[in-house]
Amino acid sequence: MNWRDLFIEDILEEGKTYIENGSFANLNVTGEELNVTIQGKKEYQLKITYKDGNVAETSCSCPYGASGMKCEHMAAACLLGEAGKVQAAEAEAQTAQEPEVAEVQEPEMPEETAQVEETQ
């Protein structure tokens, strides 16, 4: 299921507004988890858990999210996670496309050959 299907359109739009306004801080993505602070009426702590690359669980410390509902803060966090995945995938793809440059070393000349050249 697409994570966007978890939210009604108005909630998604409000989440986008938080991102556009830069109303987030302390973004931390580790493995299958995203933690972030979203500034709404107050600062709210969010956690998004992923399983197999998909949103598995969402939690928010706002009253609406704490009651089990999907809030605009969760939508904002999911959008941040999606942006992070896109950036990581793009960076990985770019790295895969860059050709490896082998370091070329000048061959060492055996001592016997070096001495012969000096005497000539």
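1. A good place to start is the hairpin of S3 and S4, which has 2 residues between its strands and in which Asp-52 takes a positive phi near 55°. The strands named here, like the helices named below, are DSSP runs numbered from the N terminus, with helices being H or I runs of at least four residues and strands being E runs of at least two. Residues are numbered from 1 along each chain as its sequence is written. This is a predicted model, in which local features need pLDDT of at least 70 and side-chain atom pairs count only at pLDDT 80 or more, while totals for chains, interfaces and linings use all residues; side-chain values use heavy atoms, with hydrogens and water left out.

2. Taken as a whole, the protein chain contains 4 helices and 4 strands, and from the N terminus on its elements follow the order α-β-β-β-β-α-α-α. Of its 120 residues, 25% count as buried, where buried means under 20% relative accessible area, exposed means over 50%, and partly exposed lies in between (1.4 Å probe, protein chains only).

3. The strands make up an open sheet of 4 strands in the order S1-S2-S3-S4, with antiparallel pairing. S1 and S4 are the edge strands, each pairing on one side only, and two strands are said to pair if DSSP finds at least two bridges between them. Neighbouring strands of this sheet are turned by 15° against each other on average, direction ignored, the axes being lines fitted to C-alpha atoms (for helices over the stretch in contact), with angles running from 0 to 180 degrees between N-to-C directions.

4. Strand S3, residues 43–51, deserves a closer reading together with its two partners. With strand S2 (residues 33–39) it pairs in the antiparallel sense over 7 bridges, the two forming a hairpin with 3 residues between them, and Gln-39 stands opposite Glu-43 in S3. With strand S4 (residues 54–60), S3 pairs in the antiparallel sense over 6 bridges; here Lys-47 stands opposite Ser-59, and Thr-49 has Glu-57 as its bridge partner.

5. In a regular strand the side chains alternate between the two faces of the sheet. In S3, the covered face holds Tyr-44, Leu-46, Ile-48 and Tyr-50, whereas Glu-43, Gln-45, Lys-47, Thr-49 and Lys-51 belong to the uncovered one.

6. Gly-65 belongs to helix H2 (residues 63–66). Is Gly-65 buried or exposed? Gly-65 is buried, because its relative accessible area is 10%. Leaving aside residues up to four places away in sequence, Gly-65 touches Cys-60, Cys-71 and Met-74, a contact meaning heavy atoms within 4.5 Å. Gly-65 and Tyr-44, which are 21 residues apart in sequence, lie 9.7 Å apart in space, C-alpha to C-alpha.

7. Turning to the surface, the protein chain exposes about 8,900 Å², of which carbon and sulfur atoms supply 48%; accessible areas come from the Shrake-Rupley method with a 1.4 Å probe, and for residues only the protein chains shown count as cover. Phe-24, found in strand S1 (residues 24–30), counts as partly exposed because its relative accessibility is 32%.

8. Among contacts in the protein chain between residues at least 6 apart in sequence, 40% join residues at least 24 apart.
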